[in-house]
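Okay, thanks for coming, everyone. I've got one structure to walk you through today, so let's put it on the screen.

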Amino acid sequence: MTFSDEDAQEMGEEEDSSEFIYIVQPTPPELEDGGQPTADDLQEINLGTESDPKKVFISALLTEEEMMEYKNLLEEFKDVFAWDYEDMPGLDPNVVVHTLNISEEKKPVKQAQRRFRPELMIQINSEVNKLIEASFIREVQYPIWLANIVPVRKKNGKLRICVDFRDLNQACPKDEFPLPITELMVDATTGFKAMSFMDGFSGYNQIKMNPEDEENTAFRTPLGTFCYTIMPFGFKNA
């Protein structure tokens with residue numbers, strides 16, 4: 001590529017005999033600040049009642065007419081969304097189940113019991129009871145593999161019950177099938193007038209565990225020992 005004197009001047013370069021001296025231009029303030037936000041401000045819409053809220057969010061940049069159209073559409077089809085665990089029937093096991101390919105060379109591991117502060121015990125028991133009521137877990141008597149729970153505080157202040165499946169993950173080979181590239185999926189939306197981001201509410205919880213592998217997901221809680229009937233978080237190939 002060759003540059004003329006005019007090109008050099010436009011690029012902020014000064015000519016000095018036979019070579020160019022490149023002058024570094026200051027970064028525009030909008031780039032220093034990280035650029036313009038790509039996400040719109042959101043407006044909350046409650047499709048339920050005050051006692052039983054069903055909240056969704058739409059762009060605050062829409063016109064009044066567009067907002068009414070979206071609100072009417074969501075109101076008409078609000079029954080297709082899962083608002084609670086009870087609203088999710090789960091996927092048919094004939095379609096998909098999650099199976100653990102545990103290596104026969106690995107010995108089962110039973111993790112040593114962990115202790116929790118008394119103030120955490122109440123919250124842990126409450127979360128465990130929610131999983132029991134939703135039929136996501138069931139009690140198990142004599143597990144071969146046994147993990148501990150790990151309470152994690154979420155951004156909204158609530159407690160999430162995770163399970164330390166590191167030992168079990170080490171016994172399972174990794175599935176190298178590639179996931180879709182997010183950037184390419186987003187680029188594919190170019191040219192469309194509207195784009196919707198749907199929250200996959202408890203998407204994991206809609207896939208069943210292979211019944212033969214359920215007891216391998218056993219974990220210890222203050223209320224007893226349980227195993228998952230649905231695919232839990234934390235598995236290497238989940």
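Before the overview, one term: when I say two residues are in contact, I mean they have heavy atoms within 4.5 Å of each other. Also, keep in mind that this is a predicted model.

So, with that term in hand: take the contacts in the protein chain with a separation of 6 or more, and 64% of them come from residues 24 or more positions apart. The chain has 238 residues, and 25% of those count as buried. For secondary structure, we get six helices and eleven strands.

Let's go to the sheet I want to focus on. It's an open one, made of five strands, and the order across is β6-β11-β10-β7-β8, with mixed pairing. At the edges sit β6, residues 137-139, and β8, residues 159-163, each with pairing on one side only. On average, and ignoring direction, neighbouring strands here are turned by 45° against each other.

Zoom in on one pair. Strand β7, residues 147-153, runs antiparallel to β8, and five bridges link the two. If you want a landmark, find I149: its bridge partner in β8 is V163.

Now, what lies across this sheet? That's helix α4, residues 118-133, lying across β6, β7, β8, β10 and β11, and it runs at about 70° to β8. The helix has 16 residues and spans 23 Å from first C-alpha to last, close to the 22 Å you'd expect at 1.5 Å a residue.

Which residues of α4 are buried? Those are L120, I124, V128 and L131. Looking down the axis of α4, the buried ones fall within an arc of 65°, so they line one face of the helix. The spacing makes sense if you remember your helix geometry: an α-helix has 3.6 residues a turn, so residues three or four places apart point the same way. And what do the buried residues of α4 pack against? The answer is β6, β7, β8, β10 and β11. Flip to the face turned away from that buried side, and you find the exposed residues P118, I122 and E133. Just after α4, have a look at S135, with a positive phi of about 65°.

Next, cysteines, since somebody always asks. How many disulfides do we count? Zero. Two cysteines to look at anyway: C227 is at 0% relative accessibility, so it counts as buried, while C162, at 26%, counts as partly exposed.

Two more residues and then I'm done. Start with N216, in the loop between β9 and β10. Is N216 buried or exposed? It's buried, because its relative accessible area is 16% and the cut-off for buried is under 20%. Leaving out neighbours within four places in sequence, N216 is in contact with L100, I102, W145 and L168.

The other one is L42, in strand β3, residues 42-46. Here the relative accessibility is 58%, so L42 counts as exposed. Even so, L42 has company: not counting residues up to four places away in sequence, it touches F57, I58, S59 and A60. Take F57: it's 15 residues from L42 along the chain, and their C-alpha atoms are separated by 5.9 Å.

That's my tour. Over to you.

Methods:
Residues numbered from 1 in each chain as written. Predicted model: local features only at pLDDT ≥ 70, side-chain atom pairs only at ≥ 80, totals over all residues. Heavy atoms only, no water. Pairing = 2+ DSSP bridges. Helix = DSSP H or I, 4+ residues; strand = E, 2+ residues; numbered from the N terminus. Axes fitted to C-alpha atoms, helices over the stretch in contact; angles between N-to-C directions. Disulfide = S-S within 2.5 Å. Buried < 20%, exposed > 50% of the residue type's maximum accessible area, 1.4 Å probe, protein only. Expected span 1.5 Å × (residues − 1). Arc of directions from axis to C-beta.
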